[in-house]
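Student: I have a model open and would like to practise reading its features. Could you walk me through some of them?

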Amino acid sequence: MSASGTRRWWALGALTLVVLAVALPATILSVALPTLAPALHADAADLQWFVSAYTLVLAAGVLPGGLLGDRFGRKKMLLVALVVYAGGSVLAATSTTAGMFIAAQAVLGFGAALVIPLVLSGIAVLFTAAERPRAVGIWAAANFVALPLGPIVGGWILSNYWWGWVFLMNLPIIVLAIIAVVILLPESRSEQPPALDPVGVVTSSVGLGVLTFGLVKAGQDGWGSAGALTGMLGGAALLVVFALWERALDHRSPGRTLVDLSLFGSARFTWGTIIAGLGIFAFFGLLFATPQYFQAVLGTDAIGSGIRLLPLLGGMMVGAGLADRVADRIGAKITVATGFVVLGAALVLATATTATSGYGLAATWTAIGGAGAGLALATASSAALAAISAERAGVASALMQAVQKLGTPLAAAILGSVLNSGYASRLDVTGLPAGTASAVRDSVYAGVEVAGRLGSPELLLGVRTAFVDGLDQLLWASAGVAALGVLLTVAFLPARAPRVAAVAAEHAESTHEWTS
């Protein structure tokens, strides 16, 4: 490999450190909530906003984050983002009230909104279309590592030390990431700085934020609640206004739009982005339900739950690691479709789970599902990235991430409703006092706690069986989404990436963009 080629892969190592630094706190929060509630005197609504504040700001800031990188320099803005993220981590660790912690999560969300598109745009600029599948596989593996690592390390810290350390522990990683970015990552920006397009920035950011708020409220309060309906309809309306504005501005002043509308003329970008978002939705069925199954049904703690996610991690890393070689042999279309088939098969296998089936079966279907998800998501993301030019890599990567990030709150709202309704409909609370029955219906964790307090093994088995029934419904819904992913992939995703001539031209363009 040439020196410039070696440098590119070392630069990817720096970007991988950035991904780890940002991903760890997000995965740790789920296991930290029970500790944060008494420490910050937080009620149920506060705990919901501990998570939602990050999600909302991330959704609202991702497109402007990509624009800033294209305009002012991706390396420079990535360093700014890491400093912002470090500040948010310190603020979270030193919070003394729920409101202060929510503000810290908003700061972390803003830092992540800058980091996420800039890392992907860095991959788009550094690597040719032929190299991107391998680079995306490494990027995906870094995201996957954080899934079990956060709960394992975070749970151990929470069990032995002050809770603030779970937010400070990523500071050394951030420092290493900053050093690596400064030394290894070349600066890049658009040759012609993109216009700021304030109307596009405001309508897209507010629209994505409000839509995400509506989806979060749907998951919390139900689809018919005022907050859910207002947020979803208002956010969708603002995004329609954004699309109409961008189209009109492109006709009046070509090249001054926030989003390069020509991207949507590429089936590879459009369907790669949509199909990856669909894959995130389907995979969320595993990711959402598995930790709950481990803790509520198998009786593990947070650390044990993280350890039991290791087969999922292993499967995802194998799938993502093989994605580029498989796609090179059989094409992106068949590779993505195969990944969805494997993921769907794992989801169907998981429906054989019972309240007494144990961990062996769960380890099998999580490993298989992880492999399918890694194969499908890495290849679909690579397909979308293949259509991105170095000139507008920041905003294009941000648009790709904005579409895909909506998959998480949408899946949480839909699949969470399926799981909760299945659980509640299967419960038998005959003979329990009204208040106790209401608590058992509220969540599986409350049901397990009540059964333990009453010393009732029959109620405990009933609660766990009801949860597994709800889990089955969730898994079948996710399997249906995976099947839809297969159909859309076969129908719309181009079979192969651009070959030699296009790759060489893009490599020359990317090399021209670098400044040491």
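Student: Which residue forms a salt bridge with Arg 453, and how far apart are the closest N and O atoms?

Tutor: Happy to help, and keep in mind that this is a predicted model. In general, side chains of opposite charge can pair when their charged atoms come close. Here the partner of Arg 453 is Glu 449, with the closest N and O atoms 4.0 Å apart.

Student: Where do Arg 453 and Glu 449 lie?

Tutor: Start with the general idea: an α-helix has 3.6 residues a turn, so residues three or four places apart point the same way. Both Arg 453 and Glu 449 belong to helix H18 (residues 444-454), where they are 4 residues apart, about one turn of the helix.

Student: Why does Arg 453 count as exposed?

Tutor: Exposed means over 50% relative accessible area. Arg 453 is exposed because its relative accessible area is 57%. Glu 449 counts as exposed too, at 53% relative accessibility.

Student: How many salt bridges does a search of the whole structure find?

Tutor: The search finds 5. Among them is a salt bridge between Asp 221 and Lys 217, at 2.9 Å from N to O. These two residues are in helix H8 (residues 198-221), again 4 residues apart, about one turn of the helix.

Student: Is Lys 217 buried or exposed?

Tutor: The cut-off for buried is under 20% relative accessible area, with partly exposed lying between that and 50%. Lys 217 has 16%, so Lys 217 is buried. Asp 221 has 45% relative accessibility and therefore counts as partly exposed.

Student: What does Asp 70 pair with?

Tutor: Asp 70 forms a salt bridge with Arg 74, and their closest N and O atoms are 2.7 Å apart. In this pair, Asp 70 and Arg 74 are both buried.

Student: Let's turn to helices. What span does helix H13 reach from its first C-alpha to its last?

Tutor: Helix H13 (residues 332-350) has 19 residues and reaches 27 Å, close to the 27 Å expected at 1.5 Å a residue. Its buried residues include Val 336, Phe 340, Leu 343 and Leu 347.

Student: Which helices do the buried residues of H13 pack against?

Tutor: They pack against H10 (267-297), H12 (310-330), H14 (359-385) and H19 (457-492).

Student: One last residue: why does Gln 105 count as buried?

Tutor: Gln 105 counts as buried because its relative accessibility is 4%. You will find Gln 105 in helix H4 (residues 98-126). Leaving out residues up to four places away in sequence, Gln 105 touches Leu 29, Phe 50, Ala 53, Tyr 54 and Phe 167.

Definitions and conventions: Residues are numbered from 1 along each chain as its sequence is written. This is a predicted model: local features need pLDDT of at least 70, side-chain atom pairs count only at pLDDT 80 or more; totals for chains, interfaces and linings use all residues. Side-chain values use heavy atoms; hydrogens and water are left out. A salt bridge is a side-chain nitrogen of Lys or Arg within 4 Å of a carboxyl oxygen of Asp or Glu. Buried means under 20% relative accessible area, exposed over 50%, partly exposed in between (1.4 Å probe, protein chains only). The expected span of a helix is 1.5 Å times one less than its number of residues. Contact means heavy atoms within 4.5 Å.
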